[in-house]
Amino acid sequence: MTPLRRHRMIKIVATLGPASSDYDTIRALFEAGADVFRLNMSHGTHDDIAARHAIIRKIEADTGRPIAILADLQGPKLRVGVFANEAEELVEGAAFRLDLTDKPGDASRVTLPHPEIFAALEPGADLLVNDGKIRLKVNDCGKDFANCTVTVGGTISNRKGVNVPDVVLPVAALSDKDRKDLEFVCRLGVDWLALSFVQRAADVAEARTLAQGRAAILSKIEKPAAVAAFDEILAVSDGIMVARGDLGVELPVQNVPPIQKRLVRRARAAAKPVIVATQMLESMIESPMPTRAEVSDVATAIYEGADAIMLSAESAAGDYPIEAVLTMDNVAREVESDPTYIEIIDASRKNKHSSIADGIVAAARELAEKTDIAAICCFTESGTTASLVARERPHVPILALTPITKTARRLQLVWGVHCEEVAEVERFKKAVINAVRVTRKYGFGTEKDQILVTAGIPFNQPGTTNILRVAPCAEHLIVSGEPE
C-alpha cells in the first residue's frame, strides 16, 4: 500500500473545536485531506489547546507524515459595555452617545471602555457595531466621548464588538492575553502563529520578538489599514491570511474579491504562503452538502493560486466536519485537473529573478514542463528553496526533503509541497538516492521516470541553493552514473 499523499496542490486548513477534539475525528480529518490544523485561541482553555496539540502530534507519529499546527491569536477585542435592560433598539436618524462613563447604557448612550478609540476618532468617522449590523456616524468627539447619529439601526446588546474602519487605532496587535497565549503555544511547539488586528508592519515586530524563531509569523489581513500597508506587512511576515470576515465588515463587500486577488498574487510573488479564509463552506455547519455558491468561492481561491483554503466553524463546531474537508479536497482535485486552471496559473507567473536560487527554481519549473519529469525534489534546511519552487507553480509535484522536523511541518502550508524528513547527507549522490526513494515510495514516479533535484553545495548550509540535476529514478543508474 502506497503511504499517504495528497493528489492536489493547494493545502487545506481545518480549525479544531468541540466537534473535532478527539483522536478519531482529528485523524479522520487528516486522512480526508487536512494538511494544517488551526487552534483558535479565542475559544478553549490552555488545557483544551494542549490536549488537541498532543493528539495531532500522536497522529503525526502514527502516520509518519508531518502535520502543521497553526495557533490563531485572538487579538484585542473592542466592545461596548452593558445595558440596564441588556438590549436596546437603535432607530435610524437617532442620536447615540459613546463615552467612558461607568454606568449601564440605555437607548441614548452606552460605555465604550476604550479611550484609545476616542483618541483616534475624528468627526465623520464611521463606527460599526455587531459585525456592521449597526452603523454610527461620529458628529463630534473628544478624549472621552463621541456623539453619533445612527445611520443603520438595529438591536444593540451587551458587549457587542465595535469596528473602526476609517482610522488606524493606537492599539497593539497583541493584548495581554495574546502574549500569554503566544508563550504557551510556542512552548507547546506550534509551527505557525496567526496574528490578529494587524494594522501596520510594526505590529508584527513584537510577535516575532516574543516567538524567538520558535514559530513562523502569519499576518491576518482583516482591516483596511492592513490592506493599505500590505506590502510593508508582507515584507516582515512569513505568511498571510486573507481574513475576509472582518474585511467584509469594515469595507464594502464588493471590495473584498478584488482585494483577495491582489493579496494572493503579491504573497505568491514574494514566495510566502497565503491562506484564503472565512465562510468558505458556511452552510456545511448544518448541512452535509455545500451551496453551489460556496463551491464556486472555494474554486475561485484555487484558480487564484492561493496556497491554502481554510475551514473555521465548519470543522470546529459543525455537524459535518469530515464532509467539509472532503468537499474541499474534491473541489481542489477537479479544479486542478481543469486545463483552464493551468492557463490561469501560468499567466499569473511573474518572472522576476534576482538571485542564483531564483534562476535555478525557474529553470527547474521550465525543464519539468518541457520534458518528461515526474517531480522536482528540493533539499532544504530552512524551507526557502521549496517555497521558491512553489512560487513558480510547476505542473509537477514538489518534494521537499529536509533533516529538520520544524521545516517539514511549516512547509505543509505551502502550495504543492510534499514534505519528507530525511537524514543529513554529505554527498550529492546520497542526496539523489534519497530523492528517488521518496519519489517511488509515495508513487510520484517509477524506475522508468526522471526527477529534477535542487540542492545547495556544501550541504546543510541554509541559503546555498546552487545546483540543479536531472536524475533517473532507477538507483542502479545513479550509483553507476552520478558524480559523488
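1. Let's start with Pro123: in this predicted model, Pro123 sits in the loop that runs between helix 3 (115–120) and strand 7 (126–129). Its relative accessible area is 56%, so with exposed meaning over 50%, Pro123 counts as exposed.

2. Which residues does Pro123 touch, once those up to four places away in sequence are set aside? The contacts are Val138, Asn139, Asp140 and Cys141. If you would like a distance to check in your viewer, try Pro76: 47 residues along the chain separate Pro76 from Pro123, and their C-alpha atoms are 24 Å apart.

3. Now to the empty space. Searching the whole structure turns up two cavities of 30 Å³ or more. The second largest cavity holds about 50 Å³ of space, and the next points stay with that one.

4. Its lining is made up of Arg268, Ala271, Lys272, Pro273, Asp307, Ser387, Ala390, Arg391, Arg393 and Val414. By class, five of the lining residues are charged, four are nonpolar and one is polar. Helix 15 (residues 384–391) contributes the most to this lining, with three residues.

5. Where does the second largest cavity lie with respect to the domains? Domain 1 (11–75 + 174–346) supplies part of the lining and domain 3 (356–480) supplies residues too, so the cavity lies between these two domains. When you look for it on screen, Arg268 and Val414 are among the lining residues you could select.

Technical notes
Residues are numbered from 1 along each chain as its sequence is written. This is a predicted model: local features need pLDDT of at least 70, side-chain atom pairs count only at pLDDT 80 or more; totals for chains, interfaces and linings use all residues. Side-chain values use heavy atoms; hydrogens and water are left out. On a 1 Å grid over the protein atoms alone, a cavity is a set of points where a 1.4 Å probe fits but cannot get out, and a pocket is an open set with protein on both sides within 12 Å along at least five of seven lines; lining residues have an atom within 4 Å of a point. Grid points are joined across faces, edges and corners, and a volume is the space filled by probe spheres set on the points. Helices (H or I, at least four residues) and strands (E, at least two) are DSSP runs, numbered from the N terminus. Ala, Val, Leu, Ile, Met, Phe, Trp, Tyr, Cys and Pro count as nonpolar, Asp, Glu, Lys and Arg as charged, and the others, Gly among them, as polar. Domain bounds come from an automatic or database domain assignment. Buried means under 20% relative accessible area, exposed over 50%, partly exposed in between (1.4 Å probe, protein chains only). Contact means heavy atoms within 4.5 Å.
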